[in-house]
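Here is a short tour for anyone about to set up calculations on this chain. Have the viewer open, and let us walk through it together.

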Amino acid sequence: MAMQHRTSRSRARHRRAHWKASAPTLTTCTNPACGKPTLPHRACQHCGFYRGREVLPPTGR
Ligand SMILES: [Zn+2]
């Protein structure tokens, strides 16, 4: 698309005012003992569980 008009400072700011940070999508942990909200396709932040087994050591050693 060819540039037709210069975007005014006001127009640019109005457009940028629309993009907001969105809340991250969360799923519930697969570990029945944990069940905390966690990020999908990632090991749980709380217990280190992913797809039914522990893959990461829990935080705090
Ligand atoms: Zn968990």
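## A loop and its surroundings

His41 is exposed, because 8 other C-beta atoms lie within 10 Å of its own and a residue counts as exposed at 12 or fewer. Keep in mind that this is a predicted model. His41 sits in the loop between β2 and β3. Its backbone deserves a look too: the phi angle of His41 is near 60°, a positive value in a residue other than glycine.

Which other residue can we visit in the loop between β2 (37-38) and β3 (49-50)? Gln45 lies there as well. With 15 C-beta neighbours inside 10 Å, Gln45 counts as partly exposed, since that class falls between the limits of 12 or fewer for exposed and 20 or more for buried. Gln45 also has a partner to find in the viewer: Leu56 is eleven residues away in sequence, and the two C-alpha atoms are 8.9 Å apart in space.

Here are the two loop residues side by side.

| Residue | C-beta atoms within 10 Å | Class |
|---|---|---|
| His41 | 8 other C-beta atoms | exposed |
| Gln45 | 15 C-beta neighbours | partly exposed |

Now for the chain as a whole. One helix and four strands make up its secondary structure, and along the sequence they follow the pattern α-β-β-β-β. How many of the 61 residues are buried, as a percentage? Buried residues come to 8%. Finally, take the contacts between residues at least 6 apart in sequence: 0% of them join residues at least 24 apart.

Terms used. Residues are numbered from 1 along each chain as its sequence is written. This is a predicted model: local features need pLDDT of at least 70, side-chain atom pairs count only at pLDDT 80 or more; totals for chains, interfaces and linings use all residues. Helices (H or I, at least four residues) and strands (E, at least two) are DSSP runs, numbered from the N terminus. Two residues are in contact if their C-beta atoms, placed from the backbone, lie within 7 Å.
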